[in-house]
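Here is a friendly tour of charged side chains, their partners and their exposure to solvent. Have a look at the sequence and the model first, and then read on.

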Amino acid sequence: MKGEKWGKNSNFAVVLKHDRNNMLKLSELQLVSSREALNDIPEGKVLINTINAHSYNVAQRDGLFAEALAGGDYLIPDGASIVKACRWLKVKPQPTERIAGWDLFVFEMQRLQAKAVSAGRRFRVMFMGSSERVLQLVRERAATDYPLLDVVTYSPPYKPEFTDSDNAAIISAINAANPDLLWIGMTAPKQEKWTFSHWQQLDIHCHVGTVGAVFDFYAGTAQRAPLWWQRHSLEWLYRLLKEPRRMWRRYVVGNPLFVWNVLSEKFHLQDHR
């Protein structure tokens, strides 16, 4: 809405019905409905992304990110605000609960560990992203938590944009590892755009999850909000209080923007019924 002028006769509904043809719409997405529904994701090469209020906002101005979120195989509602917005917009199917990236991570790791026990063999998990320090802590913890899973890691260069040689090296490392589960953690929207853009070059057979901060949560270099905050849909506030300088724009500016964008989508839907 940059540049909009509000006069005395401005029509709020008309202003909100701006062109959304190239924007991400919750009403057009197929979100995983519940944690239980994670069991229904089939085996094979499957891309699983997450969406929260922040990523929804970013996708309104980043076409490739919007395409990456909409073009994955499964989309997880990682935010109570997304669940509530879907309910208000009356989208189908309706997600019934928030599924955090952490929930997806624990579910997939436990399922693969159980599969290893049942099959009497080891499986391989790859973590691509983050720093070598974080990845070392991930390897150490995983060796205890999931003893039948061999962990392979790759720390890409820390830069806003990868060169062609960087991309080739990452793809080669992933394909050489041939993992049974792959986690991509480079923060949104970089991780989703990278994975989506190079999907056809990944010669793998497994679930791929773009989970961002989960690497740090699992390594212990960052902490999730206590359960009380999570259960009351206040994890965002906890993060804001813990890291105000880094998070203020995402939440102080982003939360009202999210409401604005959802209202815009609501009026867009009404205009096309």
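## Charged pairs and a buried lysine

Glu 97 has a relative accessible area of 24%, so this residue is partly exposed; the label covers everything between buried (under 20% relative accessible area) and exposed (over 50%), using a 1.4 Å probe and protein chains only. Before going further, please note that this is a predicted model, in which local features need pLDDT of at least 70 and side-chain atom pairs count only at pLDDT 80 or more, while totals for chains, interfaces and linings use all residues. Residues are numbered from 1 along each chain as its sequence is written, and side-chain values use heavy atoms, with hydrogens and water left out.

The partner of Glu 97 is Arg 35, and their side chains form a salt bridge with an N to O distance of 2.5 Å. The term stands for a side-chain nitrogen of Lys or Arg within 4 Å of a carboxyl oxygen of Asp or Glu. This pair connects distant parts of the chain, 62 residues apart: Glu 97 sits in the loop between α4 (80–89) and α5 (101–119), and Arg 35 in the loop between α1 (12–16) and β1 (46–51). Helices (H or I, at least four residues) and strands (E, at least two) are DSSP runs numbered from the N terminus. Arg 35 is partly exposed too, at 38% relative accessibility.

The structure has 13 salt bridges, and three of them are set out here.

| Pair | Closest N to O distance |
|---|---|
| Glu 97 – Arg 35 | 2.5 Å |
| Glu 43 – Lys 115 | 3.7 Å |
| Lys 159 – Asp 166 | 3.0 Å |

Glu 43 and Lys 115 are bridged as well. Their link also spans distant parts of the chain, with Glu 43 in the loop between α1 and β1 and Lys 115 in helix α5, 72 residues apart. Glu 43 is exposed at 66% relative accessibility, whereas Lys 115 is partly exposed at 37%.

In the third pair, Lys 159 is partly exposed at 30% relative accessibility, while Asp 166 is buried at 12%. Elsewhere, Asp 78, Arg 98, Arg 224 and Glu 235 are joined into one network by salt bridges that share partners.

What, then, does the side chain of Lys 266 reach? This residue of helix α12 (residues 244–271) is buried yet has no salt bridge, and the nearest side chain of opposite charge, Glu 265, is 9.8 Å away. The side chain of Lys 266 instead reaches the backbone oxygen of Trp 88 at 3.2 Å. Setting aside neighbours within four places in sequence, Lys 266 is in contact (heavy atoms within 4.5 Å) with Trp 88 and Leu 89.

Technical notes
Lys and Arg count as positive and Asp and Glu as negative; His and the chain ends are not counted. A polar contact is a pair of N or O atoms within 3.5 Å; within protein, one must be able to donate a hydrogen and the other to accept it, and residues adjacent in sequence count only if both atoms are side-chain atoms.
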